[in-house]
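Student: Could you take me slowly through one part of this model, and then show me how that part sits within the rest?

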Amino acid sequence: MPRIVRRERLVPNIHLIEVEAPEIARKARPGQFVIVMPDARGERIPLTIADWDRERGTVTAVFMVVGTTTRKLALLEPGEAVPIFAGPLGRPSKIERAGTVLCAGGCFGIAAIHPLVRAFKEAGNRVLVLVDVKADYLLYWRERFEALADELVISSRDGLTGGTDFVPRHVRDILGRETVDRVVAVGCTYFMSSVAEATRPAGVKTTVSLNPIMVDGTGMCGACRVTVDGEARFACVDGPDFDGHKIDWAELYARRKSFFDDEIKSLCAWEEERFP
Amino acid sequence: MSGPDRDELSPSLAAEVLAEFEKDWRKELRRAIPVKERMKIGRRPMPQRAPGERGRDFEEVNLGLSAEEAVAEAKRCLDCARPGCVAGCPVRIDIPTFVKLVEKGEFAAAAAKVREANSLPAVCGRVCPQETQCEERCNLRRGSGVAVGIGNLERFVSDHERQRGAGGRPILPPPTGHKVAVVGAGPAGMTVAGELARSGHRVTIFEALHEAGGVLVYGIPEFRLPKAILVAEVDTLKRLGVEFRMNFIVGLTATIEDLQAEGYEAFFIGSGAGLPNFMKIPGENLVGVYSANEYLTRVNLMRAYDFPRYDTPVFPGRRAAVIGGGNVAMDSVRIAKRLGAEQALIIYRRSRAEMPARIEEIHHAEEEGIEFHFLTVPTRYVGDAHGRVKAMECQRMELGEPDASGRRRPVPVPGSEFTAEVDLVVVAIGQSPNPLIPQTTPGLKVGQWGTIDVDGATMATSLPGVYAGGDIVRGGATVILAMGDARTAAAAIDERLRSKPAAGS
């Protein structure tokens, strides 16, 4: 079973796991994800690959603690094993020389855009990075982006670092002051739809990396289906990247919340078992 | 593709079956009870749990024959000089020989006989559609109308073998030094692995999920195929030296080319029909509308029926509608009932006669209170303010001219639309081949529907050394047909490997 090499709390509620997975490390490309199950009675969830190290044979994923699975993952210690860490899944993001690229990441998605920023930079683009956090103290990997990006814009909702505006204002500002050829956004559904709506008027090609509910992650179950341009697509094998302007966001919101009550029930049951 | 499923026996196999038929013990047994007496014995019914008792849990429905019942059933077999049953079996079990061994009370020998041709007898004894295969061709059925319960006997001997703990390290031929990669630990992959390991090859099975079994573990529910049986079959393969690499997605974790570079000389692709079909009607993405694959995977593989002890949830549903008429639809609807649905409906576009499900499954579903609505199709699902399904609009159908499959095509009846309240829908209208391997394997020839093209005589694909079988080739068939393909492929792979020196030697 794959072993945890490192587990770190980046900021409150957002954790990093680095897992020994040499085959996945060898194959991983920006935009791909892994399916993780924290223990034998756990649920399979998708996590975007945030980094990999081919020499060490490790893969890194960053997640926010929201339910039972992520609670369990956040309690793992180095040396412990996870029964499932499978991938790399999904089609890699299309990395091209587009000119100026805006990479927008929110929350756990800040880590997920990291390989994209690196790849777009390597492909010869001017790369702007927009990171969105709920509050100043939730910002992580600032140095990484400062080192990689041509410009880093921080959007924080507590007004200490980047003003009180939410994501759309920042996106509009950037689009207003320079020509942006491509936008990629990774984060929660709300964040990605906000970015996509902000770029829609200017018609800038905007790719979002969807993270709907999945079970197997290989096309087998269809839980992750999303409507893109009026057609049902599977995020796991057709995506996870899609054109943000063509997604039925309302449907995606509803599907993400399919098990809202059960998620709470599951977490309560686990807490009672774990902390009697 | 043309599999060996319906053809006559090869001359060599026919000769083997005949040689067994002519053995002295068989002659004695035939003499012991005259045919007329044998024909008077009634078929032993499969003992099963009462519908009321079983309808709320996931324990197995069928209980299996006792030893006495099995011997009595075996006595019904007329031991024909020209048995039809063997040719009706996709993996060509020497059925008369194993049945007569049961009659003699030599259950272990009977199990061994079955195993010569079938690596998963406890599975096939439970899930095979015998009534359209071996039992359909049984001469007793032609004579008296009721075939020998071959499937029930297969189940009996394999259960007997497992309960006796026939384990231990099997005697294997010296290793050949050849390495074979099998993609997918489903019925086809497990069969190929077993056959090739018995021939002395080093076999590794690469499986995308975390449990072996493929459709047997994610698709078929516990009440029809207990997981303990699969675990025993996996253990048998491990004792044969088969290595399992779980959570390994061939095509993504490593491609066929990568594995070739690692020294694998032959490949068998048994990746299955893992891509669910939808009807592409409005509302199909509402919350509460599942593909059968998702519904079954949540419940069977992820054990959602034991939520919240297991973390994966599934929506139980109060009024559940399952769309389709096959075995997958029957499994889904019986699960919905077990999870507490007050009403569980089958919505099928043709009539009862055209239903592809096994008769036994339909019968069990009826006993458990499933409602069948024939000649009906959904045309639209209606959601509530939260995007959750609350109703479905349907249309009545009538049967018109036969279509390409020979079944009469359903055509809509004008003005017959109606709306039914539902809060759970499971779409069980079939699957397409999973695209991951075709997409990531350059040069692999794929047919119109995404199935891998093979030569039916050897199951060889367009790539040298790469074979395929089961649903990835057929598009959606049965466990036993997949195993038949696997047997054909294993023989061809063995021949290919033997004709060349072992790697590194």
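Tutor: Let us look at helix H5 of chain B in this predicted model, whose buried residues pack against four other helices of the chain, namely helix H3 (35-40), helix H7 (95-103), helix H10 (139-144) and helix H11 (150-164). Helix H5 covers residues 67-76 of chain B, and its buried residues are Ala70(B), Glu73(B), Ala74(B) and Arg76(B). When you look down the axis of H5(B), these buried residues fall within an arc of 145°, and so they line one face of the helix. The face turned away from that buried side carries Ala67(B) and Glu68(B), which are exposed.

From this helix we can step back to chain B as a whole, which has 21 helices and 16 strands. Of the 505 residues in chain B, 52% are buried. The C-alpha atoms of the chain fill a box of roughly 70 × 60 × 50 Å along the principal axes. A compact globule of 505 residues would have a radius of gyration near 23 Å, and chain B agrees with this because its own value is 23 Å. If we take the contacts in chain B with a separation of 6 or more, residues 24 or more positions apart account for 71% of them.

Another pair of helices in chain B shows how two such elements can be described together. Helix H12 (residues 187-198) and helix H21 (residues 479-498) of chain B pack at an angle of about 35°, and their axes are 8 Å apart. Where H12(B) passes H21(B), the crossing is right-handed. On the side of H12(B), the contact is made by Pro187(B), Ala188(B), Thr191(B), Val192(B), Glu195(B) and Leu196(B), while among the residues that H21(B) brings to it are Val479(B), Ala482(B), Met483(B) and Ile493(B). The residues of this contact divide into eleven nonpolar, one polar and four charged.

One loop of chain B also deserves a careful look, namely the loop between strand S9 (371-373) and strand S10 (376-383), where Leu375(B) is found. Leu375(B) has a positive phi of about 50°, although it is not a glycine. With 21 other C-beta atoms within 10 Å, Leu375(B) is buried.

Chain A offers a counterpart in Asp229(A), a residue other than glycine whose phi is near 55°, a positive value. Asp229(A) lies in the loop between S12 and S13 of chain A, and it counts as exposed because it has 11 C-beta neighbours inside 10 Å.

Finally, we can turn to the place where the two chains meet, in which 37 residues of chain A are in contact with 33 residues of chain B. Several elements of chain A each supply at least two residues of the side that touches chain B, including helix H1 (22-27), strand S6 (84-89) and helix H9 (260-274). The element that gives the most to this side of chain A is S6(A), with six residues. Taken together, the residues on the side of chain A that touches chain B divide into 17 nonpolar, ten polar and ten charged. Strand S6 of chain A is also where Pro88(A) lies, and a cis peptide bond joins Gly87(A) and Pro88(A), with an omega of about -5°. A cis peptide bond also joins Gly239(A) and Pro240(A), with omega about 10°, and Pro240(A) lies in the loop between strand S13 (231-234) and strand S14 (241-243) of chain A.

Terms used: Residues are numbered from 1 along each chain as its sequence is written. Chains are lettered from A and ligands numbered from 1 in the order in which they are written. This is a predicted model: local features need pLDDT of at least 70, side-chain atom pairs count only at pLDDT 80 or more; totals for chains, interfaces and linings use all residues. The radius of gyration is taken over C-alpha atoms; the globule rule is 2.2 Å times the number of residues to the power 0.38. A residue is buried if 20 or more other C-beta atoms lie within 10 Å of its own, exposed if 12 or fewer, and partly exposed in between; C-beta atoms are placed from the backbone. Two residues are in contact if their C-beta atoms, placed from the backbone, lie within 7 Å. Ala, Val, Leu, Ile, Met, Phe, Trp, Tyr, Cys and Pro count as nonpolar, Asp, Glu, Lys and Arg as charged, and the others, Gly among them, as polar. Axes are lines fitted to C-alpha atoms, for helices over the stretch in contact, and angles run from 0 to 180 degrees between N-to-C directions. A crossing is left-handed if the near helix is turned anticlockwise from the far one by less than a right angle, and right-handed if clockwise. The arc is that of the directions from the helix axis to the C-beta atoms.
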